[in-house]
Amino acid sequence: MDIQRFTEKSQDALQQASQLAQSKGQQQVDVEHLLAALLQQEPGLVVSLLRKMNLDPSSILKKCLKEIDRLPKVSGGNESSGISITGRLNKLLVQAEAEAKSFKDDFISVEHI
């Protein structure tokens, strides 16, 4: 998957998700990391949609961060070995790419994710 096919907001969210995983001592980025990153984008599409549905984005973010804290952590290892994405996140990104193609969009954006 070519990161250059993602919009700037989508790339930012993926980068933030990766940084969040690293800050938590986790070697893999999962869908929860990406959701947390999207919930922290202001102004952001995800936050706007949740508010339109009368849902509290900050409450959802707190629950998401709790779930992230439950994910496996690595300590004392070789932290320079890099970070990878989980199968779940890969599947989500592949589906987002397919969604963009179905709309004949050139780029994968937050609404596709």
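Helices here are DSSP runs of H or I with at least four residues, numbered from the N terminus. This is a predicted model, in which local features need pLDDT of at least 70 and side-chain atom pairs count only at pLDDT 80 or more, while totals for chains, interfaces and linings use all residues. Residues are numbered from 1 along each chain as its sequence is written, and side-chain values use heavy atoms, leaving out hydrogens and water.

**Exercise 1.** Find His112 and decide: is His112 buried or exposed?

*Solution.* Start after helix 5 (87-102): His112 lies in the segment that follows. Next, take its relative accessibility, which is 9%, so His112 counts as buried (buried is under 20% relative accessible area, exposed over 50%, partly exposed in between, with a 1.4 Å probe and protein chains only).

**Exercise 2.** Which side chain joins that of His112 in a polar contact of 2.8 Å?

*Solution.* Look for a pair of N or O atoms within 3.5 Å, one able to donate a hydrogen and the other to accept it; residues adjacent in sequence count only if both atoms are side-chain atoms. The partner is Asp105. Then turn to the backbone: the His112 side chain also reaches the nitrogen of Ser109 at 2.9 Å.

**Exercise 3.** How are helix 2 and helix 4 arranged?

*Solution.* First, the axes, lines fitted to C-alpha atoms over the stretch in contact, with angles from 0 to 180 degrees between N-to-C directions, come within 9 Å and cross at roughly 150 degrees. That makes helix 2 (31-39) roughly antiparallel to helix 4 (angles over 145 degrees count as such; under 35 is roughly parallel, 65 to 115 roughly perpendicular, the rest oblique). Finally, list residues in contact (heavy atoms within 4.5 Å): Leu35 and Leu39 are among those in helix 2, and Ile60 and Leu61 are among those in helix 4.

Terms used. Helix = DSSP H or I, 4+ residues; strand = E, 2+ residues; numbered from the N terminus.
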